[in-house]
Every structure is written in structure tokens, then in C-alpha cells.
Amino acid sequence: IWGGEFLIADYAGFRRAAHLAYIPLPGGDAAIRRPYRIALAHLWAAGLPWDEALPPVAACPPVERRVLTRQLEREVNTVPTSSMGRLFDAVAALAGLRQTITYEAQAAIELEMQVDETTGDAYAFSLVRRGPDEPLLVDPAPVIEAVVADVRDGAPVGTIAARFHRGVAQMIRRVCEALRRETGLDRVALSGGVFQNVTLLGRTLDLLAEAGFTVYTHRLVPPNDGGIALGQAIVAHAQLDR
């Protein structure tokens with residue numbers, strides 16, 4: 001399942017130039033309804049233990065944990081995903097904010113609402129290039145490790161939320177700068193459901209503007225499904241013109 005992409009694109013085609021590293025989504029849709037599962041998957045992908053002192057581990061019944069362990073180890077009923085929304089879910093669960101959801105993006109929305117604007121620090125992602133023709137990988141493992149450390153130190157949820165939002169915005173700027181060096185492009189369109197997050201959108205806009213980018217954002221259509229539908233129609237029209 002794709003997500004968290006940086007695309008070099010026009011109406012006629014695209015190249016997936018960078019994306020979040022994949023993590024396994026155990027149980028597919030069942031994991032989306034239970035952010036604690038996604039948090040456990042991120043811990044597993046980062047090589048971090050399932051410490052019962054962590055909220056998502058405590059929220060997962062021992063029997064289910066054993067099943068998840070077998071699923072992840074044997075890659076049974078798991079789907080790889082690079083979704084940014086799932087990373088928001090994992091951080092919300094690790095911070096102890098939300099372990100299950102009743103509507104789409106609930107964990108991410110509640111995480112944004114907790115942001116402490118007085119916190120200036122940021123978590124840092126790793127950028128990895130595995131080959132000259134491979135997309136740039138954005139590895140969230142250092143972020144997960146830092147969140148775990150903050151949780152163990154008793155950091156407030158607002159601090160964790162702020163450091164995460166700042167970290168994502170700074171990562172977007174770093175990746176865009178890296179791709180500009182490769183391509184010469186200096187125009188960025190911010191789209192996708194994650195940019196319904198006003199806090200993230202504002203910080204990303206500021207950082208990209210400081211770096212000299214021309215930035216496009218949604219005003220007349222939404223950044224999620226409505227924008228996708230319009231984009232599909234425009235791409236189809238471009239294909240017909242060709």
C-alpha cells in the first residue's frame with residue numbers, strides 16, 4: 001500500500017522519487033482500526049522490543065501479541081505499507097493517546113490537537129539511498145526510537161506531538177532539497193490526506209518557503225479523495241490529448 005510519496009510528476013506521468021520505508025500492516029484493515037497494532041509493527045520494523053510499559057503493548061492482549069509475532073515473522077496476512085497516516089497512528093498509540101479508533105484518521109486528528117506550540121525540538125528521520133536508480137527511502141525508525149525514549153522519560157503527550165509534527169515538516173524540506181539538487185525543480189505541490197493537518201501544513205509551508213521553493217496547496221478542492229478524483233480526471237484528459 002503506497003503512501004508518504006514524493007513524486008516527480010506532470011499530467012502525463014510520474015516517478016516515485018522518495019517515500020517512507022515500508023512497514024508490515026498486520027491484518028490489513030483490522031490494524032487500521034487498532035492503532036496499537038500499527039505501533040507494534042513500527043516497533044518490530046525498527047528492531048525495538050515490545051516493552052509492556054509502552055501503552056500500545058499494554059493495550060494488546062497477550063494472545064493477540066503472540067499471533068502478531070507469528071504474522072510478522074512469517075509475513076502471513078501482512079501488507080507492506082509506506083503510509084504516512086499509519087505513522088501518525090503509531091505515534092499516537094505510543095504516546096498513549098489512542099489505541100483504537102471509531103472513525104477515519106481519529107488518532108492523527110487527536111495527535112494534532114495535543115501539539116504543544118512551546119516545544120521547539122524535532123524528531124529526525126533517516127534518509128537512505130539504496131541504489132542510484134532506487135527511490136530515496138525515508139526511514140521512520142529513528143523517530144519511533146525517539147518517541148519510545150520520550151515515553152519512558154515521562155514526556156507529556158503535547159511535547160511528543162510537537163516534536164513529531166516538527167520532525168515531519170523538517171523531513172519534507174530535506175527530501176525536497178535533495179530532489180531539487182537532482183532535478184533542478186523548485187515547485188512543490190502539497191497534497192494527500194495528511195495535509196488536512198493544519199499544523200503540519202503551516203510548518204511545512206514555512207520551511208519550504210524559507211528554502212526558496214514555490215509551494216502549491218489546496219484551496220478549491222480537498223487534499224484527500226476529492227482532490228484525487230479531480231487529479232484522475234485531469235490525468236485522463238492529458239492522456240487523451242496525447
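**Figure 1. A hairpin of two residues joins β1 to β2.** The model shown here and in the other views is predicted. Strand β1 pairs with β2 (residues 13-20) in the antiparallel sense, over six bridges. Within this pairing, D10 stands opposite G13 of β2, and L7 stands opposite R16 of β2.

**Figure 2. The open sheet consists of four strands.** Their order is β1-β2-β6-β5, and the pairing is mixed. Strands β1 (5-10) and β5 (126-129) stand at the edges; each has a single partner strand, so one side of each is left without a neighbour in the sheet. From one strand to the next, the twist averages 25 degrees.

**Figure 3. Helix α8 packs with helix α9 at an angle of about 35 degrees.** Helix α8 covers residues 157-183 and helix α9 covers residues 198-210, and their axes are 9 Å apart. The crossing of the two helices is right-handed. Residues of α8 in the contact include A162, H165, V168, A169, I172 and C176; among those they meet on α9 are T199, L200, R203, L207 and E210. By class, the contact of α8 with α9 has eight nonpolar, four polar and four charged residues.

**Figure 4. A salt bridge links the side chains of E52 and R65.** The N to O distance is 2.9 Å. E52 lies in the loop between α2 (35-45) and α3 (55-59), whereas R65 lies in helix α4 (residues 62-74), so the pair ties together parts that are 13 residues apart in sequence. E52 counts as exposed, because its relative accessibility is 54%, above the cut-off of 50%. R65 is buried, with a relative accessible area of 13%.

**Figure 5. R129 and E182 form a salt bridge between strand β5 and helix α8.** The closest N and O atoms are 2.2 Å apart. R129 belongs to β5 and E182 to α8, so the salt bridge ties together parts that are 53 residues apart in sequence. R129 is partly exposed, at a relative accessible area of 35%; E182 also counts as partly exposed, at 45%.

**Figure 6. R163 and D150 form a salt bridge between helix α8 and helix α7.** The closest N and O atoms of this pair are 2.8 Å apart. R163 lies in α8 and D150 in α7 (residues 141-152), so the pair ties together parts that are 13 residues apart in sequence. R163 counts as buried at 18% relative accessibility, and D150 counts as buried at 13%.

**Figure 7. R34, R37 and E64 are linked in a network of salt bridges.** The structure as a whole holds 13 salt bridges.

Notes: Residues are numbered from 1 along each chain as its sequence is written. This is a predicted model: local features need pLDDT of at least 70, side-chain atom pairs count only at pLDDT 80 or more; totals for chains, interfaces and linings use all residues. Side-chain values use heavy atoms; hydrogens and water are left out. Two strands pair if DSSP finds at least two bridges between them. Axes are lines fitted to C-alpha atoms, for helices over the stretch in contact, and angles run from 0 to 180 degrees between N-to-C directions. A crossing is left-handed if the near helix is turned anticlockwise from the far one by less than a right angle, and right-handed if clockwise. Contact means heavy atoms within 4.5 Å. Ala, Val, Leu, Ile, Met, Phe, Trp, Tyr, Cys and Pro count as nonpolar, Asp, Glu, Lys and Arg as charged, and the others, Gly among them, as polar. A salt bridge is a side-chain nitrogen of Lys or Arg within 4 Å of a carboxyl oxygen of Asp or Glu. Buried means under 20% relative accessible area, exposed over 50%, partly exposed in between (1.4 Å probe, protein chains only).
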